[in-house]
Amino acid sequence: MPMRHTLLALLVALLWGLNFLAIRFSLDQFPPMFLAGLRFMLLALPALLFVPWPGVKIRYLLGYGLGFGTLQFFGLYLGMSAGFPTGLASLVLQASAPFTVLLGALVLKEHITARRAMGVGVAVFGLALVGLSRGVLDGWTPFLLVLLGAFGWALGNLASRKAQTDRPMALVLWMAVVPPVPLLTVAFLVEGPEQIGAALASSVSLQAVPAWVGLAYTILFGTVVGSGIWVWLMRRHPAGVVAPFSMMVPVVGILAAWLVLGEVPTWLELAGGVLVVGGVIYASRRGVSSAQPASPVLGTVETAGPREPHESDSRPRYSTTAVPNRS
């Protein structure tokens, strides 16, 4: 890529890595399910009013919205709210890549090459190290919730792959119409009107400014700006050239959480992170003939997004699976 495009790709990685800090600040003020629903509700309103229909079948839009938008952020926000470290959340969410490869093989009958299988195996082993370390320190529930979010991202990737739209950014924004109903329903049933009302009442204060800034960041920079630049790059370059830049997201996320929040990962977690990043990058490299479509392993890192998140599969000309966001 030209240097300016490389810098844009690095900018997206920076925006998406910092997105996890923004989520953490917002979670300090709002209940997790209400926050996730509010985030997508604020995205859905302008999509309904100003964004043209992406021209996809309803079932694929629903699948993308329920997987990428709903299940991903259900797991991610609950896991982080339960105490899972902010920086490590940006890493564990990359499990969407091996999940996408495996689901692509099982559901879409996509071929898994030896290179891809080896890379996925290394990444899964790295995730196991991170999970083992966190499970011993804090219990398994927060880790498994974030892992559930990664699985939701992978399901969304399959739906976005089947959608085959030539307007991927419109698909990303229209996807936001789906999550508010299930997320806000769960919020009012589980978190309750009293907890939500108290959070909103106390949010009108100087102490709540970081939470509102964090929410604005996830919407504007994490989703609209980050995904917009990513989609623009993916339309101009092969997936295998652009996608590996997304593996800088957990690097930024872990460093930012270390500097801002004082989160220091253990050596076992750092070793696991190196294996996850290295395995996904290795699996995404072109080890196939030019007649075979590009590997879907990094579909997760091509959309979007917590992600986050990287929020849409943007390359109808290449085999894909997603950024997110999801970030």
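Which residues of α2 are buried? In this predicted model, local features require pLDDT of at least 70 and side-chain atom pairs pLDDT 80 or more, whereas totals for chains, interfaces and linings use all residues. Residues are numbered from 1 along each chain as its sequence is written, and side-chain values use heavy atoms, without hydrogens and water.

Helix α2 (a DSSP run of H or I of at least four residues, numbered from the N terminus) comprises 19 residues, 32-50. From first to last C-alpha α2 reaches 28 Å, close to the expected 27 Å (1.5 Å times one less than the number of residues). Buried residues (under 20% relative accessible area, 1.4 Å probe, protein chains only) in α2 are Pro32, Met33, Phe34, Leu35, Ala36, Gly37, Leu38, Arg39, Phe40, Leu43, Ala44 and Ala47. These buried residues pack against α1, α3, α8, α9 and α10.

Ser26 lies in helix α1 and is buried, with a relative accessible area of 1%. Beyond neighbours within four places in sequence, Ser26 is in contact (heavy atoms within 4.5 Å) with Leu35, Ala211, Gly214 and Leu215.

Rolling a probe the size of a water molecule over the atoms shows where empty space is left. The largest pocket (an open set of points on a 1 Å grid where a 1.4 Å probe fits, with protein on both sides within 12 Å along at least five of seven lines) holds about 220 Å³ of space, the volume filled by probe spheres set on the points. Among its 13 lining residues (an atom within 4 Å of a point), Val251, Ile254, Leu255, Pro265 and Leu270 are the closest to the centre. Helices α12 and α13 each supply at least two residues of the lining.

Definitions and conventions: Buried < 20%, exposed > 50% of the residue type's maximum accessible area, 1.4 Å probe, protein only.
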